Each structure stands twice: as C-alpha cells, then as structure tokens.
Amino acid sequence: MVEHTTETRAAEVDAVILVGGQGTRLRPLTVSTPKPMLPTAGHPFLSHLLARIAKAGMRHVVLGTSYKAEVFEEYFGDGSELGLEIEYVVEEEALGTGGAIRNVYDRLRYDTAMVFNGDVLSGADLGAILNTHIEGDADVTLHLVRVPDPRAFGSVPTDAEGRVLEFLEKTEDPPTDQINAGCYVFKREVIAGIDAGRVISVEREVFPGLLSDGARVLGHVDSSYWRDMGRPSDFVQGSSDLVRGIAYSPLLEGKTGESLVDASSGVSGGVILVGGTSIGRGCVIGAGSRIDDSVLFDGVTVEPGAVVRNSIIAAGVRIGANVRIQDCVIGEGASIGARCELEGGMRVWPGVNIPDSGVRFSPDA
Ligand code: GTP
C-alpha cells in the first residue's frame, strides 16, 4: 500500500481560483483594480492565498478571470517566483461562479481540483479538507465554517456522516451554524458535468443540482478563521487581522504586530499607528497623526494632526491637516482638505477634491 502524506496528495491537485467578479461592494476601489489585487497587509490580497496554496503543496494554479483580466498576469506572470505554475483563463463575458469553474476544465491536469473564491480570507487547513474529500470518496467536498451568527449567510446542514443535506437561504432561525466558506474540492468529472458556456452559479445551481441527482457531497466542518473580504468593513478587519497575526499568512511570518509600514514610507514623530494598520509604499505620515485599524495603499500623504479610523485610503490620496476620517473609503488620488470630517460609510470617488473647510460629511449630515 502506498502511504500518501497530505503534501504529496496536494501536489496532484489543481488549484482553481475565481477572480473574475466586479467587486461592486468595494467601489470605488475596484474601479481601477480588481478586488483580489487590492493591497491587504502589504500585499495584493491574492498573494496571501497563493502563498497558502503553495505552502499546502499544490503547484498548478488556474485563475478564472474576467473583470480586468490582464492585471493578474501582469503581476504574477507564470507564478515561478511563488514556486507555482499559474495559468490564466479569461471569460469574455463573466460566466458566474459555476460557469467559471466549468470554463477552466480543459486546463485541469489531475483528478481532483480545489476551487477557491478569490476574496475569502481563511485559516483553514487545506490538507485536512483534501483528506476529507479523498478518504470520504466524495464527488464534491465543501469547506463549511462554523460562525457565531449564521443569520447573515445561507447555512449548510450535514448529517452524522458529514453528507450535505441541503443549501438553505438566509433565515432568522438557521438550523445550523455551518456556512459555505467558498472553498470546494471537486472530482474532475463532476466539473465536466456542469453546463458549458452559460452563466451559472455554483452555490445556487450546481450544488443543489448535485444533491438532487444523488451525488456524494460532503462537508468538511471546522471553526477556523474566516472572512469574506467583499465589504469595506470586512476588508479593513481582514487586513488588520493579517497584520496582527489573528489571520495567518505565510507572507507575514515574523512580521506581525500593531502595524505594518513599508520601508519606503516616511513616518514623522509622534505618529500613532495601531489596530493592525498597514501603510503601503512611498507614503508620508505627518507629525502627530493617528491611524487606527486602516489600510493605506501606496503614495498616500497624511498631513499633521489627522486621525483616520477603520478606513481604506487608496493610492495617491492626500489627507489634509487635522482631518478626521472614520469608516470611510477614499478613492484613488482624492484630496481631503484640512479640518474636514468624514464618517459613517462615506465613499469619496477617485480624483475628487474637497477643499479646506472644516465641514463635516456624513450620510445624515
Ligand atoms: P460583489 O460585486 O461586491 O458582490 O463582488 P464579486 O463580484 O467579487 O462577487 P462575489 O463576492 O459573489 O464573488 C465571489 C468570488 O467569485 C470572487 O472572488 C469573485 O472574483 C469570483 N467571481 C464572481 N463571479 C465570477 C464570474 O462570473 N467569473 C469568475 N471567473 N469569477 C467570479
């Protein structure tokens, strides 16, 4: 009998990452950059996932792209720097999550494919999910994560053997705290059975269809770290959890702490950087400012005395002296004049120039 370690198994698994969505909930950040490429704890978000995939022992990665498809290959190339072999498949018209999986079928090399939503930050043990799939001889295995409040998600109950019973829509009274974590292992032949060339959702159509056809669909349940990075508040929280080591990334081993500042940025005296804040390349942070639980992309200027909390500040933004920003998204190249106050989910569009004024902007102002 041949003994398989988790890593030798993983070497014979294709990793498929879905990165073709428009990321509308993160606009205007995603107007110029696809969501998986947004800077998160000092790296494009997707770099953290690729590093986890490499660490688990997978080598061949297929990216299913559509929106701003060219950006991915420009950045990652053939993947060799990460110890991976990356291929890119472009959907001219986005095919949905199920259509995207079917669309990469011709590039699969092995009998098993592990599919990832490209915007999920997860601490799951990928080898353990693969083991559940292979030892359970499943057609499909879903990673299901237990969350404290499942009401905001569709839930996925399983039986005592781990077989998925049904896919339930959001409800006020879910029968289980297990939710779909956006990571699936497929037998290759199951992917062949998905309709080709049409828009199809894996969650709403493919999985329910497999259950009604009697396929063996297993759940791998754990309580690992999990966050869908699709909304600004989750994006900020996920990035700061990475910086603080609450969420794990192989790229940040030995670098975790209260903040992460690129070496090319200049931080003046008396600046307070806390709450897992990350500061990108070439930023200038003025004296006496405080940045808490926020993500600053590259080339941001923060003038003295500004306070930024729970916010995302895109590349090239200027934040004037004594500005207060809380729970906001500031688009690329915008300029926020001195003494302005922005709060409560405000989104400033790229290039907008708010003059010095001391005016308060909030949704209910
Ligand atoms: P929102 O527009 O804010 O909902 O974000 P999104 O477009 O990323 O959609 P969603 O969060 O539902 O997508 C989950 C994952 O699947 C993300 O990583 C998307 O990039 C990806 N995805 C969604 N739709 C498609 C698609 O049609 N094709 C491909 N290739 N990937 C997709």
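**A walk through the predicted model**

Let us start with one residue: at a relative accessibility of 12%, D234 counts as buried, because the cut-off for that word is a value under 20%. Please keep in mind along the way that this is a predicted model. D234 has a charged partner, R227, and the two form a salt bridge in which the closest N and O atoms are 2.6 Å apart. R227 also forms a salt bridge with D241, and here the closest N and O atoms are 4.0 Å apart. The pair of D241 and R227 ties together distant parts of the chain: D241 sits in helix α9, which covers residues 232-244, while R227 belongs to strand β11, residues 226-228, and 14 residues separate the two. How buried or exposed is D241? Its relative accessible area is 4%, so D241 is buried.

Elsewhere, salt bridges with shared partners connect E85, E87, R107 and R109 into one network. As a general point, side chains of opposite charge can pair when their charged atoms come close. The whole structure holds 24 salt bridges. One of them brings together the side chains of D149 and R151, with 2.9 Å from N to O. What is the surrounding of this pair like, buried or exposed? D149 is partly exposed, with a relative accessible area of 35%, and R151 is partly exposed as well, with a value of 38%.

Now let us visit the ligand. Around the ligand there are 19 residues, and those that come nearest are L18, T24, R25, E91 and G96. Sorted by class, this shell has five nonpolar, 10 polar and four charged residues. Which element gives the most to the shell? Helix α5, covering residues 96-103, does so with three residues.

Some contacts with the ligand's oxygen atoms can be followed one by one. In the side chain of T24, an N or O atom lies 2.6 Å from an oxygen atom of the ligand. For Q22, a polar backbone atom is 2.9 Å from a ligand oxygen. L95 also takes part through its backbone, where an N or O atom is 3.4 Å from an oxygen atom of the ligand. How much of the ligand does the protein bury? Taken alone, the ligand exposes 620 Å², and the protein buries 82% of that.

From the ligand, we can step to a loop. E93 has its place between β5 (85-90) and α5. With a relative accessibility of 64%, E93 counts as exposed. Its C-alpha atom is separated by 7.0 Å from that of S66, although these positions lie 27 residues apart along the chain.

Another loop, between α7 (188-192) and α8 (202-212), holds S201. In contrast to an exposed position, S201 counts as buried, at 13% relative accessibility. The side chain of S201 reaches the backbone nitrogen of R204 at 2.9 Å.

Helix α6, residues 126-135, is our next stop, and its buried residues are L126, G127, I129, L130, N131 and H133. What caps the N-terminal end of α6? That residue is D125, with a side-chain oxygen 3.1 Å from the backbone nitrogen of G127. After α6 comes D137, whose phi is positive, near 45 degrees.

The strands complete the tour. In general, strands of a sheet pair through backbone hydrogen bonds, either parallel or antiparallel. Strand β8, residues 140-146, and strand β10 run parallel, joined by six bridges. Within this pairing, V140 stands opposite V217 in β10. Strand β10, residues 217-222, is mostly covered, since five of its six residues are buried.

Further along is an open sheet of six strands with parallel pairing, in the order β13-β16-β19-β22-β25-β28. Which strands form the edges? They are β13 (266-267) and β28 (353-354), each of which pairs on one side only. At the β13 edge, two bridges join this strand to β16, residues 284-285, and the two run parallel. There, V267 has I285 in β16 as its bridge partner.

Methods
Residues numbered from 1 in each chain as written. Predicted model: local features only at pLDDT ≥ 70, side-chain atom pairs only at ≥ 80, totals over all residues. Heavy atoms only, no water. Buried < 20%, exposed > 50% of the residue type's maximum accessible area, 1.4 Å probe, protein only. Helix = DSSP H or I, 4+ residues; strand = E, 2+ residues; numbered from the N terminus. Near = heavy atom within 4 Å. Polar contact = N/O pair within 3.5 Å; in protein donor to acceptor, adjacent residues only side chain to side chain. Areas by Shrake-Rupley, 256 points an atom, 1.4 Å probe, with all protein chains shown as cover. Nonpolar A, V, L, I, M, F, W, Y, C, P; charged D, E, K, R; others polar. Pairing = 2+ DSSP bridges.
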